[in-house]
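Work through the following exercises with the coordinates open, and attempt each task before reading its solution.

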Amino acid sequence: MTVPGSMINRPLLVSSILTHAVRNNPHQEIVTGLDGGKKHRYTYANFYKRVVQLAMGLQNNGIKMGDRVGTLAWNTYRHLEIYYATAGTGLVCHTINPRLHISQIQFIINDAQDVVMFYDSHFESLVEQLKPNCPSVKHWVLLDESTSATNLSTYTEWLDTSHEDLDWPQFDENSACGLCYTSGTTGDPKGALYSHRSTILHAYASCHPDAVGVSRRDAVMPLVPMYHVNAWGLPYSAMLSGAKMVMPGADHSGKALHSLCETEGVTLSAGVPSIWQIMLDYTLANNLTFSTLKCAVIGGSACPPAMITTLSKLNVSVRHAWGMTEVSPLGTVCLLLPEHESLSEQEQLNVLAAQGRPLFGAEFKITGDDNVTPLPTDGKTTGNLMVRGNWVIERYYGKSESALTDGWFHTGDVASLDANGYMRISDRSKDVIKSGGEWISSIEIENIATEHPDVQQAACIAKPDPKWGERPVLVVLKKPGTSPSEENILSIYNNRVAKWMIPDEVVFVDQMPMTATGKLQKAELRKKFFAPKENNE
Ligand code: ADP
């Protein structure tokens, strides 16, 4: 028998974050780094007014519920206004990664059938090339408020200043509010369409103290771009918490980021390891410290333990996080448990290098090749990582077939799970190395390599081998001014891993190929040095 609930049932809508924010934290600040070291700052109250004005502007221009509104933009207050004005009125904010190849951007816009495109001035030439090939886009709007005469449609024209408030429409919480495409390293990019409900639940869960743990006392700086899975949900979780928001804009130099961090009292920041490396290199090279930063959320690819140690010396604790576009993105975050406090530093580091424990709302299992039968959660067995939960996609945007196997989403990662729920990724399935029938975790080999003082970045890839099937090879980018030998680098593996796991050779490179989201492109390295492993790479 079903017992009817006796609770108010309000739909979980993104506009509720906005109204909560302005009612309870009207004086909280949003600061944006602008070109030339300048800054823009205003309060949540003023932000709110502009969101209303933009929402009205979108309506005045005939943009209808469910329409996709594209963005090619950095992390700025205007981008944040677009997030809330679109979602608040039932439109879909479609963030596009401007660093993708133009053919992919074009594909994505056409697949999403965006009707408006808001773009930062840095992308003007890209937009000029896109315009003739993206017929669905009726309005290309430059994110510029200068009043100088221009033949381009500008953001100012889309702010209807005759309004200060708005009765935010109430609609089904399962309606879409955001769209983000995977970067399509294999095949065409695919869209993940987020609902209001999934976005709010993800934001709630990520504010938990054992997850990202955002609070009103924080000043949050998302280094991760707003086009990389909604900056990992920070535009929602930070505003929901009433935190100060510090948006880095277009200048991603170590100097600019460190200065923003210090001058704005940033306490929590999040990004992929490569952007943290840029900020850390600058900090260390100039003998600087972090006076307010306490928490570094690092994810998107494996955080090297050496980075955790360096940040810890600077009194910043790392929360290693795992996620993916299809998972909104957060699935796990890594923190020590009380029982880990008695462990040695090295043992604690080993725990912290794992991808972490599930957020409430995300469930994991590892399986064999059938992607169904669960394997033991003993912390040793590795298998295909499967996830399900309220913010995991059920199907890709525009596709009729389900993306699930038996109700679970196949992440494409290979991982282990232990009895406390700690998940540890050993590889992406397309990067695994199988030598003599045994798996070698490329992430483990890379993590050890980055402990070497002369190694800036390392990638462990498979080399086809007639005897063993595959053998590991370490590709190394040296730290500037150093010249370690192959032998010297490989000596770091002595007594750390089984002999057969030690790479056969070290290949030195001048530059590592990186994806548009700042991750190592191992497929490119394989292509460059050895016969390609897959046909579709
Ligand atoms: P893409 O990398 O294709 O742009 P995503 O950002 O969605 O798309 O990437 C998701 C993938 O990134 C995961 O499936 C996993 O392989 C990798 N990843 C994310 N976080 C981590 C992490 N902390 N450690 C190792 N791999 C990670």
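**Exercise 1.** Determine which residues Leu311 touches, not counting residues up to four places away in sequence.

*Solution.* In this predicted model, taking contact as heavy atoms within 4.5 Å, Leu311 touches Trp276, Leu280, Phe290, Ala296, Ile298, Val316 and Val318.

**Exercise 2.** Place Leu311 in the largest nonpolar core, and establish where that core lies with respect to domain 1 and domain 2.

*Solution.* Begin with membership: the largest nonpolar core has 113 residues, and Leu311 belongs with Ile30, Tyr84, Phe118 and Met239 to those that touch the most other members. Next, consider the helices and strands, where helix H2 (residues 44–60) gives the most to this core, with nine residues. Finally, turn to the domains: because domain 1 (14–360) and domain 2 (363–429) both give residues to this core, it lies between them. Apart from this core lies another, of 26 residues, among them Val92, Met117, Tyr119 and Leu179.

**Exercise 3.** Characterise the interface of domain 2 and domain 3 by its contacts, its buried area and its polar pairs.

*Solution.* Start with the contacts, in which six residues of domain 2 meet nine residues of domain 3. The area buried between these two domains is about 620 Å², with carbon and sulfur atoms giving 46% of it. On the side of domain 2, Asp427, Arg428 and Ser429 lose the most area to domain 3, together 70% of what that side buries. Then examine the polar pairs: seven residue pairs are in polar contact between the two domains (both residues at pLDDT 80 or more), whereas the rule finds zero salt bridges across this interface. Strand S21 (residues 423–428) gives the most to the side of domain 2 that touches domain 3, with four residues.

Methods
Residues are numbered from 1 along each chain as its sequence is written. This is a predicted model: local features need pLDDT of at least 70, side-chain atom pairs count only at pLDDT 80 or more; totals for chains, interfaces and linings use all residues. Side-chain values use heavy atoms; hydrogens and water are left out. A nonpolar core is a set of buried Ala, Val, Leu, Ile, Met, Phe, Trp, Tyr and Cys residues joined through side-chain atoms within 4.5 Å. Buried means under 20% relative accessible area, exposed over 50%, partly exposed in between (1.4 Å probe, protein chains only). Helices (H or I, at least four residues) and strands (E, at least two) are DSSP runs, numbered from the N terminus. Domain bounds come from an automatic or database domain assignment. Buried area is the accessible area (1.4 Å probe) that two parts lose on being put together, summed over both. A salt bridge is a side-chain nitrogen of Lys or Arg within 4 Å of a carboxyl oxygen of Asp or Glu. A polar contact is a pair of N or O atoms within 3.5 Å; within protein, one must be able to donate a hydrogen and the other to accept it, and residues adjacent in sequence count only if both atoms are side-chain atoms.
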